[in-house]
Amino acid sequence: MTRDEFESLMKKYADRIETIRKSAHALHQSVNQTYGDELPYGYHLDMVVNGIRDFGHLVCACEDDIIPLFFGGYYHDSIEDARQTYNDVLKVARGMMTEEQAVMATEIAYALTNDKGRTRAERAGEKYYKGIRETPYAPFVKLCDRLANITYSCSGVNPDSLRMKEVYKKEVPHFLASINPHSKDPRFLVPQEVVYKLAECLIDDLEREEQNQTAWWHEY
């Protein structure tokens, strides 16, 4: 899909996308979830969807997938963080789109839900990444989620932001390899353009100059 086509469809469905946005914001607010320095969690959701707005044309296969893609972005943490079940999310989605679209949208949220685990590695293990690789649009939405978190961590100056920047920097080669099914189906793409945005945030100017053509952001 061309960028112009995607932007035209975003305008066509702007009211429905805004309804999804408000619903997701209200959901996370209802459980008093915050982000970073006590920001409303909707701040993070909007950052994730900004990635979809900027790069969604690279993965969106057809008009019918627009609403599920945006729903997946806004609701990606609903099961993991907002006390929702799969069926809770599916019920909300059914009120905003067709049955086929609702299932696609809910599957994205389900795929991005961490597994049970005591550590970060356990919560995002091979089973978790396998689910992402096998779910249409989940690799892209997860990439937008990581881009949002990295952008925020790189813009902060507090100790936690600096710590998470280093965590993300160490994780990113494994993360990219884990979410990428290397499929020719656009719905499963991990766009190089988004990977470059990750690199811009994480790699300092001096480090960037020292990198060669085998750097991780050239491999995806």
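In which loop does histidine 182 lie? I looked this up first in the model, which is a predicted one.

**Entry: two residues with positive phi**

I found histidine 182 in the loop between H11 and helix H12 (192-202). I noted a phi near 55° for histidine 182, a positive value in a residue other than glycine. I recorded the general background as well: most residues other than glycine have a negative phi. I then checked the accessibility of histidine 182, which counts as exposed at 61% relative accessibility.

I turned next to tyrosine 137, which has a positive phi of about 75° although it is not a glycine. I located tyrosine 137 in the loop between H9 and H10. Is tyrosine 137 buried or exposed? I read a relative accessible area of 0% for tyrosine 137, so I entered this residue as buried.

**Entry: helix H6**

I examined helix H6, which covers residues 86-94, and found Val89, Leu90 and Ala93 buried there. Why do these three lie on the same side of H6? I noted that they cover an arc of only 100° around the axis, and therefore they share one side of the helix. On the face of H6 turned away from its buried side, I found the exposed residues Asn87 and Lys91.

I also asked what covers the buried residues of H6. I listed helix H4 (66-74), helix H5 (78-81) and helix H7 (99-111) as included in that cover.

**Entry: the nonpolar core**

I looked up the largest nonpolar core and recorded 67 residues in it. Leu69 and Phe71 are the residues with the most contacts inside this core. Which helix gives the most to it? I found that helix H10 (residues 138-155) does, with nine residues.

I followed phenylalanine 71 further and set aside its neighbours within four places in sequence. I then found phenylalanine 71 in contact with Ile20, Val89, Val92, Ala93, Met96, Met97 and Ala105. Two of these contacts, Val89 and Ala93, I had already entered among the buried residues of H6.

**Entry: the largest pocket**

I recorded about 830 Å³ of space in the largest pocket. I noted that 34 residues line it, of which Arg120, Arg146, Asn149, Met164 and Tyr168 lie nearest its centre. The elements that give two or more residues to this lining are strand E1 (34-35), H5, helix H8 (120-123), helix H9 (126-133), H10 and helix H11 (159-179). Which of them gives the largest share? I found that H11 does, with nine residues. I sorted the lining of the largest pocket into 12 nonpolar, 10 polar and 12 charged residues.

I then took asparagine 149 as a reference point and looked up its separation from glycine 36. I recorded the two as 113 residues apart in sequence and 9.4 Å apart in space, C-alpha to C-alpha. I placed glycine 36 in the loop between E1 and strand E2 (39-40). Glycine 36 is partly exposed, with a relative accessible area of 47%.

**Entry: the second largest pocket**

I recorded about 220 Å³ of space in the second largest pocket. I listed its lining as Glu107, Tyr110, Ala111, Thr113, Asn114, Asp115, Lys127, Tyr128, Gly131 and Thr135. The elements that give two or more residues to this lining are H7 and H9. I sorted the lining of the second largest pocket into three nonpolar, four polar and three charged residues.

Notes
Residues numbered from 1 in each chain as written. Predicted model: local features only at pLDDT ≥ 70, side-chain atom pairs only at ≥ 80, totals over all residues. Heavy atoms only, no water. Buried < 20%, exposed > 50% of the residue type's maximum accessible area, 1.4 Å probe, protein only. Helix = DSSP H or I, 4+ residues; strand = E, 2+ residues; numbered from the N terminus. Arc of directions from axis to C-beta. Contact = heavy atoms within 4.5 Å. Core = buried A, V, L, I, M, F, W, Y, C linked by side-chain atoms within 4.5 Å. 1 Å grid on protein atoms, 1.4 Å probe; cavity = no way out; pocket = protein on both sides within 12 Å on 5 of 7 lines; lining within 4 Å. Points joined across faces, edges and corners; volume = space filled by probe spheres on them. Nonpolar A, V, L, I, M, F, W, Y, C, P; charged D, E, K, R; others polar.
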